[in-house]
Amino acid sequence: MSQTAENMSFPIVDGTMPDAVRVLEVRHWTDRLFSFEVERPQSFRFRSGEFVMIGLLNEAGRPLLRAYSIASPFWEESLSFYSIKVQDGPLTSRLQHIRSGDYILMKTKPTGTLVLDALLPGKRCYLVSTGTGVAPFASLLCDPELYERFDQVILTHTCREIAELGFSMELVARTKGDPLISEIAAEKLVYFPTTTRESYPHMGRITNLMESGALFDSLSLPHLSLGEDRVMICGSMNMNQDMKQLCLDAGLQEGANSAPGHFVLEKAFVG
Ligand code: A2P
């Protein structure tokens, strides 16, 4: 890892370590958000929506790992991740300084509940995210199986400010331009971005917009129902909790890998 002021006192991950993966690219979206791409280990397989443990060595030379959703398609040669920068966060205060050519740690055991197998068949699939919680949906949106399973896919992304929507705006544009799925995505994918602290066409927390019916009205869709709707949720702990309650109130049941249901949720990593 490059010797910046922020990480000089920490041991460096090098390419000889068993879990080391090389960083290929880093992109800073805002002063709070960045994404990075790493080399994909040859035998590494994952299901769209899963996460892996990623990190660096701590001062004592031990792995400091956190769960990161894979934000790239399952068929791509590299792996992408999307992260918040927390200035005093144990991991991201340092991880935000990685550069192309550095090595980071990655456990190659993907897991998670935001997978299509954890959902029962339905008509529509809502992918509801706040902040970096949109990351797993970046992998799911590129999976043809999502569009095979559902007639309509609605991606909602809520951030404080417009600039923080950049990741999902680009993701949707890329998905609709991807030769593999452009046709089906153009027909089935609906994007509903909202902000809470800066003026924007759609404003407000997604929970409030669902509760009031404003979301459904503006998309000309019926309110959530057990018969037709499936929901994947990824965001902060509070958002997950509130969205979960909203789903339960609509009669939906939580699913898992072992017992598919009507909605699933995963906490976006922060820190
Ligand atoms: P708000 O600005 O009203 O707090 P953060 O950047 O803090 O992770 O937040 C990302 C987005 O998630 C913000 O727009 C924030 O709205 C929204 N949010 C935070 N808590 C909840 C919640 N309990 N339900 C729905 N949205 C939430």
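Is glutamate 39 buried, exposed or partly exposed? Select glutamate 39 in this predicted model. With a relative accessible area of 33%, glutamate 39 is partly exposed, because that class lies between under 20% for buried and over 50% for exposed.

**Stop 1: strands E1 and E2**

Keep glutamate 39 selected and add arginine 22. The two form a salt bridge, with their closest N and O atoms 3.0 Å apart. Arginine 22 belongs to strand E1 and glutamate 39 to strand E2 (residues 33-39), so the bridge spans 17 residues and links distant parts of the chain. Arginine 22 counts as partly exposed, at 31% relative accessibility.

**Stop 2: a bridge between two loops**

Next, select arginine 32 and glutamate 164. Here the closest N and O atoms of the salt bridge are 2.9 Å apart. Arginine 32 sits in the loop between E1 and E2, while glutamate 164 sits in the loop between E8 and H4; 132 residues separate the pair along the chain. Which of the classes does glutamate 164 fall into? Glutamate 164 counts as buried, because its relative accessibility is 5%. Its partner, arginine 32, has a relative accessible area of 27% and is partly exposed.

**Stop 3: the end of helix H8 and beyond**

Go on to lysine 244 and glutamate 254. Their side chains meet in a salt bridge of 3.1 Å, N to O. Lysine 244 is in helix H8, and glutamate 254 is in the loop between H8 and strand E11 (263-267), 10 residues away. Both ends can be coloured by accessibility: glutamate 254 is partly exposed at 39%, and lysine 244 counts as partly exposed at 25%.

To see a shared arrangement, select Arg47, Glu50, Asp117, Glu145 and Arg149, which are joined into one network by salt bridges that share partners. The salt bridge count comes to 12.

**Stop 4: the largest pocket**

Select Thr130, Gly131, Thr158, Arg160 and Ser236. Among the 22 residues that line the largest pocket, these lie nearest its centre. The volume of this pocket is about 610 Å³.

Which elements each supply at least two residues of the lining? Show strand E8 (152-159), helix H6 (206-211) and helix H8 (237-249) to see them. H8 gives the most, with three residues. Colour the lining by class, and seven residues come up as nonpolar, nine as polar and six as charged.

**Stop 5: a nonpolar patch on the surface**

Switch to a surface view and select Phe74, Trp75 and Leu180. Together they form a nonpolar patch with about 300 Å² of accessible area. Leucine 180 comes from the loop between helix H4 (166-177) and helix H5 (182-188). Leucine 180 counts as exposed, because its relative accessibility is 54% and the class takes in values over 50%.

**Stop 6: before strand E1**

Finish at aspartate 14, in the segment before strand E1 (20-30). Aspartate 14 counts as partly exposed, at 33% relative accessibility. Now add threonine 195 and draw a line between the two C-alpha atoms. How far apart are the C-alpha atoms of aspartate 14 and threonine 195? They are separated by 40 Å, and the two residues are 181 residues apart along the chain.

Key:
Residues numbered from 1 in each chain as written. Predicted model: local features only at pLDDT ≥ 70, side-chain atom pairs only at ≥ 80, totals over all residues. Heavy atoms only, no water. Patch = residues over 30% accessible without salt bridge, like charges linked within 9 Å, V, L, I, M, F, W, Y side chains within 5 Å. Areas by Shrake-Rupley, 256 points an atom, 1.4 Å probe, with all protein chains shown as cover. Salt bridge = Lys/Arg side-chain N within 4 Å of Asp/Glu carboxyl O. Helix = DSSP H or I, 4+ residues; strand = E, 2+ residues; numbered from the N terminus. Buried < 20%, exposed > 50% of the residue type's maximum accessible area, 1.4 Å probe, protein only. 1 Å grid on protein atoms, 1.4 Å probe; cavity = no way out; pocket = protein on both sides within 12 Å on 5 of 7 lines; lining within 4 Å. Points joined across faces, edges and corners; volume = space filled by probe spheres on them. Nonpolar A, V, L, I, M, F, W, Y, C, P; charged D, E, K, R; others polar.
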